[in-house]
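Visitor: Could you pick one part of this structure and take me through it slowly, residue by residue where it helps? I'd like to be able to follow along on the screen.

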Amino acid sequence: MVLRVTSNGLYCAAGDFHIDPWRPVARALITHGHADHARGGHGAYLATDLAAPVMRHRLGAITLDTIRYGEARQIGGARVSFHPAGHVPGSAQIRVEVGGEVWVVSGDYKLEADPLSTPFEPVRCHHFITECTFGLPVFDWPDPEDVAREINTWWSANAAEGRFSLLGAYALGKAQRVLGMLDPTIGPILTHGAIEATNAVMRGQGVPLPETHHVTPETDLRALRGALVLAPPGALAGPWARRFRPASTGFASGWMRLRGVRRRRAADRGFVLSDHADWAGLNRAIAGTGAETIHVTHGYTEIFARWLTEQGYDARVLRTEFTGETLDDGGEA
């Protein structure tokens, strides 16, 4: 096998490297900067040049080499290349070829283009290791322009009544995508420190973002009623968020497609927005690879594998420690 799961993660014996390992290894190839895929403690890292700044920000002083999309590199007996995944800036699918057999590790991905990420590109292979975070037909993403209108309408109504609009979104990728959707004429945009730090990295890479104001203990919130407040989902359940009163709370997540999730989170509004592929996107991506063998990981694995088998694929469940999109900052911690 070109790739196999070990106690440390996905391992390529021919190249003696791991892909997105969950325990410390000597050499790690990283698909993107979310914490369930890019962890600390590895001897050496390889990631795209576009993912490198946020990885250094999150992981500190690491030994990190970079590679451009489409560039091929020989590592031992394996030929590897990184290809756009469309998930967050710099995210990649990793292609590994050994003896003419090609495997592709998807990492996290989405097919829907956005202004931040290099659009997803299908990569032909024999074996495709795919996430299936949202691997059920109920997950069908709306047009992002419609979601943007919903968010701005909600914010505008709250601002008119002097309420803060607290919106939960992942600090890397989702928050910046939301920022690009906002109408700054409605009012000021306030940010949690985790999001503002990531904004600074993105701005340093030339990503255009609207003006934001980092919330500190010195911030005079009384003068900012009606602002939109962007924070990681976990922060909305703690003391940090209780400073903003009166307020309406919302979440931007693919999980908002499920009404029960929004109720359990006691959210006033749920906005269906994800950086992962929906049901149709997963199926389209898999078909685009031409792969006959599909390994499914992190998500509705058993159900999705059964569906793929019914469609004629050799589908297998691959047990990993990736988490995909959650509402408790699991991929961000």
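Guide: Sure, and one bit of vocabulary before we zoom in: contact, or touching, means heavy atoms within 4.5 Å. This is a predicted model, in which local features need pLDDT of at least 70 and side-chain atom pairs count only at pLDDT 80 or more, while totals for chains, interfaces and linings use all residues. Residues are numbered from 1 along each chain as its sequence is written, and side-chain values use heavy atoms, with hydrogens and water left out.

Let's go to T249. You'll find T249 in strand 16, which covers residues 247-252 (helices, H or I with at least four residues, and strands, E with at least two, are DSSP runs numbered from the N terminus). Is T249 buried or exposed? With a relative accessibility of 18%, T249 counts as buried (buried is under 20% relative accessible area, exposed over 50%, partly exposed in between, with a 1.4 Å probe and protein chains only). Its strand tells a similar story: five of the six residues of strand 16 are buried, so the rest of the structure largely encloses it.

Who are the neighbours? Leaving out residues up to four places away in sequence, T249 touches W154, L166, L236, A267, D268 and R269. Keep L166 and R269 in mind, since both come back when we look at the pairing.

Strand 16 belongs to an open sheet of six strands with parallel pairing, in the order 14-13-15-12-16-17 (two strands pair if DSSP finds at least two bridges between them). The edges are taken by strand 14 (213-214) and strand 17 (269-271); each has a single partner strand, so one side of each is left without a neighbour in the sheet.

On one side, strand 16 runs parallel to strand 12 (residues 164-168), and five bridges join the two. L166 stands opposite T249 here, and L167 has G250 as its bridge partner. On the other side, strand 16 runs parallel to strand 17, this time joined by three bridges. There, G250 stands opposite R269. So if you click on G250, you can look across to L167 and across to R269.

Next, the helices lying on this sheet. Helix 2 (residues 144-160) lies across strand 12, strand 13 (189-191), strand 15 (228-231), strand 16 and strand 17, and runs at about 145° to strand 12 (axes are lines fitted to C-alpha atoms, for helices over the stretch in contact, and angles run from 0 to 180 degrees between N-to-C directions). Helix 4 packs on the sheet too, where it touches strand 13, strand 14 and strand 15; its direction makes about 100° with that of strand 13.

Helix 4 gives us a way outwards. Its axis (residues 193-204) and that of helix 1 (residues 52-59) come within 9 Å and cross at roughly 145°. From helix 1, P53, V54 and H57 meet A197, T198 and V201 of helix 4. Sorted by class, that contact has four nonpolar residues, two polar and no charged ones (Ala, Val, Leu, Ile, Met, Phe, Trp, Tyr, Cys and Pro count as nonpolar, Asp, Glu, Lys and Arg as charged, and the others, Gly among them, as polar).

Follow the chain on from helix 1 and you reach I62, in the loop between helix 1 and strand 6 (64-67). I62 counts as buried, at 19% relative accessibility. Its contacts, not counting residues up to four places away in sequence, are Y45 and M55. H42 is worth a click as well: I62 and H42 are 20 residues apart in sequence and 8.1 Å apart in space, C-alpha to C-alpha.

For a contrast with our parallel sheet, glance at another one. Seven strands form an open sheet with mixed pairing, in the order 7-8-9-10-11-18-19. Strand 7 (72-75) and strand 19 (314-317) are its edge strands, each pairing on one side only. On average, neighbouring strands of this seven-stranded sheet are turned by 25° against each other, direction ignored.

To sum up our spot: T249 is a buried residue of a largely enclosed strand, with L166 opposite T249 and helix 2 lying across strand 16.
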